[in-house]
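Here is a short round of questions on helix packing and nonpolar cores. Keep the model open as you read.

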Amino acid sequence: MSRLTVPKTYKLYIGGKFPRSESGRTYEVVAADGAFLANAAKASRKDARDAVVAARAAVGGWAGATAYNRGQVIYRIAELLEGRRAQFVDEIASSEGVSVAEASAQVDLAIDVWVWYAGWADKYAQVAGNANPVSGPYFNLSVPEPTGVVAAVAPQGVAGGSLLGLVSVIAPIVVSGNTVVVVADERAPLSAISLSEVLATSDVPGGVINMLTGSPAEIMPWLAAHADVNALDLTGAGSIDGAKGETWVDLQLAAAETLKRVVAPVAGIPRPALERITAFVETKTVWHTKSML
Amino acid sequence: MTITHPLGLQPAERAVRLLGGDLTETALRLHLDGLTGVDAVGLEQRAAGLSTRSIKTSSKAWALDTIIRTCDLTTLEGADTPGKVRSLVAKAITPDASDPTTPSVAAVCVYGDMVPYAVEALGSRHATGGTEGIQVAAVATAFPSGRASLAIKLADTRDAVAAGADEIDMVIDRGAFLSGQYGVVFDQIVAVREACIRPDGSHAHLKVILETGELQTYDNVKRASWLAILAGADFIKTSTGKVSPAATLPVTLLMLEVIRDWHRLTGEKIGMKPAGGIRASKDAVRYLVTVAETVGEEWLTSQLWRFGASSLVNDVLLQRQKMRTGHYSGPDYVTVD
């Protein structure tokens, strides 16, 4: 006797919960060969707004955690990914149409990216910060601090990137204490959804990473202009084509309105780099008297 | 000290009209206990039904401005200072400095000892009898618990009125009400109402706080609403904001129904003020819908309808900014309270 298939309808990941899109919309996710894989939620501007509220609420706790603790929490994501690798390999193989070996290699790389950035959590400040020499009995310390809420676009339709591209965008943002609202790869969002499920059962506080599935061209203009977003990561926005022909440059212009930090699009998958961490921090310099001995 | 009222209650015009000349505790009790019971399921369903209306574009813009115009901007903290009251007043006058079309709020609501600072800070913007300008509301009668002797409560009230308060928000004695001493509660409201009279014969508007979160049942809320109106309340108000649950939509709907019934019976219009826990514009709009559907749109003026809120205005301003600029605003663009 044949068994009924159970077609899945996935949801968004906002504030540690899995809500449906406020708009009620979904879209079909298909495999590389056109076969139906699942339904995904098609996020609206209001979902983006809700995600920013959740991300803002999470900034205090996440940025206030010790760097060591953040490193541990991020390392734990890598551990959990390792435990569920079979699911990720399967989803990548079907949605990207690659061999199991290639999909497996991508999952390995994604795990390595998490581990690599986790290690930086309590070290980047030593590289990006400084004790400045001044002519007086003062300490003068420049310390990098997280910028706040970052809106990001994961690489879109990059071969070998549905999981790796996403992780390469998220990890450097959150490692310094920022929170993120990220729009996943529109056509291959299954890895992003499964990663949300991993995050929900990891130690990452709700709201630190918020995952939207849907059209970046539709959602990003709202996030770029949103006055409560502090920085914009346009890594995957290079080929964005809005309803009125907007390109990523228009997003940059909208972001300038509220003085956001903007990271320009990258072709392919961004390589792990300290610069991706420091792109989302701001330097605070403080003076402090030296004790008189 | 009188605890029971065998001989009758203090005369209150409305109660005398409704219940007859020799006002007794028995007459009052017969009336209040004779009110029909509240259909709790039906009430909550009606409130939920009223919450489903979609208010968009120009209606939303009107609703947002109405929320600001009917808001009692409130600070009721133990840590209040004259400086904080002054900044509250500045915000009451100019809620959004980035948009001069933003209306001012209806009133500022402060503790009695802060009234002089509020009056001084308002200056010429202080409403003087008419409808223009901003009123000063003071909480009195041992707010929020109401646990003090009547003499203290009256002194508290007179003090605030003398300092220039236009409106007095009093709390009822919930302990007396819940133990069935309706006469005690009634007399206290009548006495406080008398204490609201100024030397020139005019009187400060009296808002009676029922503290519905402590009244346990909808039937009690209905009785307390009737009691407050009979004793001479100009406004009935849900909560102090210090007890959870504070204002809820079903409770507000029920109190509005009492106001509607009173209006049908006597032609008098009583005001309503939900307070506490209303933080989002979306929730506030639902209250406006409830008012319009229950007592009518003519209640949506600051003479008959108020929101008691501290953080609601900020959310309304964010929505206004969104409607004006076309992009989402953030907490960096409104005041830190």
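Q: At what angle do helix α4 and helix α6 of chain A pack?
A: This is a predicted model. Helix α4 covers residues 100-120 of chain A, and helix α6 covers residues 164-175. Their axes lie 9 Å apart, and the packing angle is about 10 degrees.

Q: Are α4(A) and α6(A) roughly parallel or roughly antiparallel?
A: Angles under 35 degrees count as roughly parallel. The angle here is about 10 degrees. The two helices are therefore roughly parallel.

Q: How many residues of the contact of α4(A) with α6(A) are nonpolar?
A: From α4(A), the contact residues include A:Leu109, A:Val113 and A:Trp114. From α6(A), they include A:Val167, A:Ile170 and A:Pro172. No residue of the contact is charged and two are polar; the nonpolar ones number 12.

Q: What should the 12 residues of α6(A) span?
A: The expected rise is 1.5 Å a residue. The end C-alpha atoms of α6(A) are 16 Å apart. That agrees with the expected span, which is 16 Å.

Q: How many of the residues of α6(A) are buried?
A: Buried means under 20% relative accessible area. A:Gly165, A:Ser168 and A:Val174 are among the residues of α6(A) that meet this. The helix is mostly covered, and its buried residues number 12 of 12.

Q: Which residues have the most contacts inside the largest nonpolar core?
A: That core has 100 residues. One of its best-connected members touches B:Leu9, B:Leu23 and B:Leu227, among others. The residues with the most contacts are B:Ile168, B:Phe186 and B:Phe307.

Definitions and conventions. Residues numbered from 1 in each chain as written. Chains lettered and ligands numbered in written order. Predicted model: local features only at pLDDT ≥ 70, side-chain atom pairs only at ≥ 80, totals over all residues. Heavy atoms only, no water. Axes fitted to C-alpha atoms, helices over the stretch in contact; angles between N-to-C directions. Helix = DSSP H or I, 4+ residues; strand = E, 2+ residues; numbered from the N terminus. Parallel < 35°, antiparallel > 145°, perpendicular 65-115°, else oblique. Contact = heavy atoms within 4.5 Å. Nonpolar A, V, L, I, M, F, W, Y, C, P; charged D, E, K, R; others polar. Expected span 1.5 Å × (residues − 1). Buried < 20%, exposed > 50% of the residue type's maximum accessible area, 1.4 Å probe, protein only. Core = buried A, V, L, I, M, F, W, Y, C linked by side-chain atoms within 4.5 Å. Lists of a residue's contacts leave out its neighbours within four places in sequence.
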